Amino acid sequence: MAIAYTDDFGLFVFDGINYNLSPGNYRLVGFADGYQKNISPQISVAAFEQVDIGDFALTPLPIQFVLPYLVLSPLVEEYVNLV
């Protein structure tokens, strides 16, 4: 497995020499906080081949509304006497 992080422009590169990648078939898996994971179709890479997969978009997760809630706890005798 090889991991690459995007730069400020969202670009990334897997250099076969630095990552010790052999020719073969690969899939990219992209993920980020607040986004759905994306898995690419199979990508075939030959020896010394440069492959541009184009855009690899991540879809934002749906907005989730969380309703606040209150917990009702019984009064403690000390607090009742203070009122």
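**Notebook: a predicted model, looked up piece by piece**

Entry 1, Asn 18. I looked up where Asn 18 sits and found it in the segment before β1, the strand that covers 24-26. The model is a predicted one, and I keep that in mind for every entry. Is Asn 18 buried or exposed? I noted a relative accessible area of 64%. The cut-off for exposed is over 50%, so Asn 18 counts as exposed. I then checked Asn 18 against Ala 2: the two are 16 residues apart in sequence, and their C-alpha atoms are 9.9 Å apart in space.

Entry 2, the chain. I listed the secondary structure and got one helix and four strands. Read from the N terminus, the order is β-β-β-β-α. The chain has 83 residues, and I wrote down 5% of them as buried. For the accessible surface of the chain I have about 8,300 Å², with 59% of that belonging to carbon and sulfur atoms. I also looked at contacts between residues at least 6 apart in sequence; 24% of these join residues at least 24 apart.

Entry 3, aromatic rings. I looked for aromatic pairs and found two in the structure. One of them is formed by Phe 12 and Phe 14. A pair of rings is described by the distance of the centres and the angle of the planes, so I noted both values. For Phe 12 and Phe 14 they are 6.1 Å centre to centre and 75° between the planes, and the pair is edge-to-face. Phe 12, Phe 14 and Tyr 19 belong to one aromatic cluster.

Entry 4, cover on the two Phe residues. How do Phe 12 and Phe 14 count by accessibility? Phe 12 has 30% relative accessibility, and Phe 14 has 28%. Partly exposed runs between the 20% and 50% cut-offs, so Phe 12 is partly exposed, and Phe 14 is partly exposed as well.

Entry 5, the largest pocket. I looked up its space and wrote down about 1,700 Å³. Which residues lie nearest its centre? They are Ala 4, Phe 12, Val 13, Phe 14 and Leu 28, out of 37 lining residues. Phe 12 and Phe 14, the edge-to-face pair of Entry 3, are thus back on my list here. I sorted the lining by type and got 25 nonpolar, seven polar and five charged residues. Among the strands, β2 (29-30) and β4 (43-45) each supply at least two residues of this lining.

Conventions:
Residues numbered from 1 in each chain as written. Predicted model: local features only at pLDDT ≥ 70, side-chain atom pairs only at ≥ 80, totals over all residues. Heavy atoms only, no water. 1 Å grid on protein atoms, 1.4 Å probe; cavity = no way out; pocket = protein on both sides within 12 Å on 5 of 7 lines; lining within 4 Å. Points joined across faces, edges and corners; volume = space filled by probe spheres on them. Nonpolar A, V, L, I, M, F, W, Y, C, P; charged D, E, K, R; others polar. Phe/Tyr/Trp six-rings, centres within 6.5 Å; stacked < 30°, edge-to-face > 60°. Buried < 20%, exposed > 50% of the residue type's maximum accessible area, 1.4 Å probe, protein only. Contact = heavy atoms within 4.5 Å. Areas by Shrake-Rupley, 256 points an atom, 1.4 Å probe, with all protein chains shown as cover.
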